[in-house]
Amino acid sequence: MEMMNRITAEKQYIFKEGQQPFQSSHASTVAVLPSGDAVAAWFAGKHEKSSDVAVWMSRREGGVWSAPYKAADEAGIAHWNPVLFAQGDSMALFYKVGHEITDWFTRVSRSVDGGVTWTEPRDLVPGDIGGRGPVRNKPITLPDGTILAPASVERHDPDAAGKQIWEAFVDISRDNGHTWTKSALVPMDLPSYVGTDHWFAKGLIQPTLWSSGGERVHMLLRSTEGLIFRSDSEDNGRTWCQAYPTQLPNNNSGIDAALMDNGRLALVFNPVSGYATDSPRTPLVVRFSRDNGLTWGDEFVLENEPGEYSYPAIVSKGNELYITYTWKRDRIAFWKLTLDV
């Protein structure tokens, strides 16, 4: 495998073991400000789905992470999947609220001071049930200012009691996030899908987006089919081609990608095949593509020991990559990679 000349790597844990005011942490998100300072958020509490789960946050200034603090906590209901979206010095925080995933609704609040304070949260789409807006990965901004938010839903299958269908789409805003329009669903050849163990679920969720110029937008998707899937749009995300499998393995775990200024695409994921919802989420790596995601070459290993290293988030700034992920459901790990380009 061809390797890049050099990567300078720095790893940190956002908070020290045993010093966090919660038992379990998961589903982090990261953003970088123009100053180079970073902000991370995640959900944490007794355990996933517990009514005490809130959105927690930390800021990295001068290379040092602040003590965790709550960014969103609506008492008595579980919080899920925060997503940070930086726009210069301002920032939006999206998150899901609900006891069951099928009943999620999306809240959003905004900060103009780098995540220190936040506006009162509001519904992203009033009346929505199921989840609109970014489901786990960051939105992207097109050259004309349009914002695309990678979205998906997990709905009950009307033809199979107790089973779920996973469907992906994009939410589109042309007024800086004030209102949103849902794209067409990403077409799937669902009858050919195997699904997770015991057919608990079938389909594609949690897309990650990038643009390759013109009106061409692309997504990679977490799947129940043992491989990462891809879909492409020729009209700025309004419609999508039928999703098709890539050669990248996926064991039904989260992925994320970032397009760097030099055109290189960075993907962080668990390179493990499988259909089980409990298949090992290790190792965790970053792979790079120089041809718009058609082939993937260089690899940098973030974790390769036994344990769960999952739900990564990645953003880029110049020749730098900022990455966070779940570290054994106990802590949130952070890497800063500087590429010799």
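Select Gln247 in this predicted model. Gln247 is exposed, because its relative accessibility is 75% and exposed means over 50%. The residue belongs to strand β18, which covers residues 244–249. Now add Leu294 and draw the C-alpha to C-alpha distance from Gln247: the viewer should give 9.3 Å, for two residues that are 47 apart in sequence.

**The largest pocket**

Clear the selection and pick Lys138, Pro139, Ile140, Thr141 and Ser316. These are the residues closest to the centre of the largest pocket, out of 26 that line it. The volume of the largest pocket is about 650 Å³.

To see which elements surround this pocket, colour β2 (24–32), β7 (79–87), β11 (140–141), β15 (201–213), β19 (256–259) and β23 (309–317); each of them gives two or more residues to the lining. Which element gives the most to the lining of the largest pocket? The answer is β7, with 4 residues. Colouring the lining by residue class gives 17 nonpolar, 6 polar and 3 charged residues.

**Strand β7 and its sheet**

Keep β7 selected and show its neighbours. The open sheet here has 4 strands, in the order β7-β8-β9-β10, and their pairing is antiparallel. Which strands are at the edges? They are β7 and β10 (122–123), and each pairs on one side only.

Next, select β8, residues 90–97. Strands β7 and β8 run antiparallel and are joined by 7 bridges. For one position on this pairing, pick Val83, which stands opposite Phe94 in β8.

**The second largest pocket**

Stay with β7, since the strand also appears in the next stop: β7, β12 (147–156), β13 (164–173) and β15 each supply at least two residues to the lining of the second largest pocket. Strand β15 has likewise been coloured already, as one of the elements that give two or more residues to the lining of the largest pocket.

Select Glu48, Ile101, Glu154, Phe200 and Arg222 to centre the view. Of the 24 residues lining the second largest pocket, these lie nearest its centre. About 510 Å³ of space lies in this pocket.

Finally, colour this second lining by residue class. How do its residues divide into nonpolar, polar and charged? The second largest pocket has 8 nonpolar, 9 polar and 7 charged residues in its lining. For the largest pocket, the corresponding figures are 17 nonpolar, 6 polar and 3 charged.

Key:
Residues numbered from 1 in each chain as written. Predicted model: local features only at pLDDT ≥ 70, side-chain atom pairs only at ≥ 80, totals over all residues. Heavy atoms only, no water. 1 Å grid on protein atoms, 1.4 Å probe; cavity = no way out; pocket = protein on both sides within 12 Å on 5 of 7 lines; lining within 4 Å. Points joined across faces, edges and corners; volume = space filled by probe spheres on them. Nonpolar A, V, L, I, M, F, W, Y, C, P; charged D, E, K, R; others polar. Pairing = 2+ DSSP bridges. Buried < 20%, exposed > 50% of the residue type's maximum accessible area, 1.4 Å probe, protein only.
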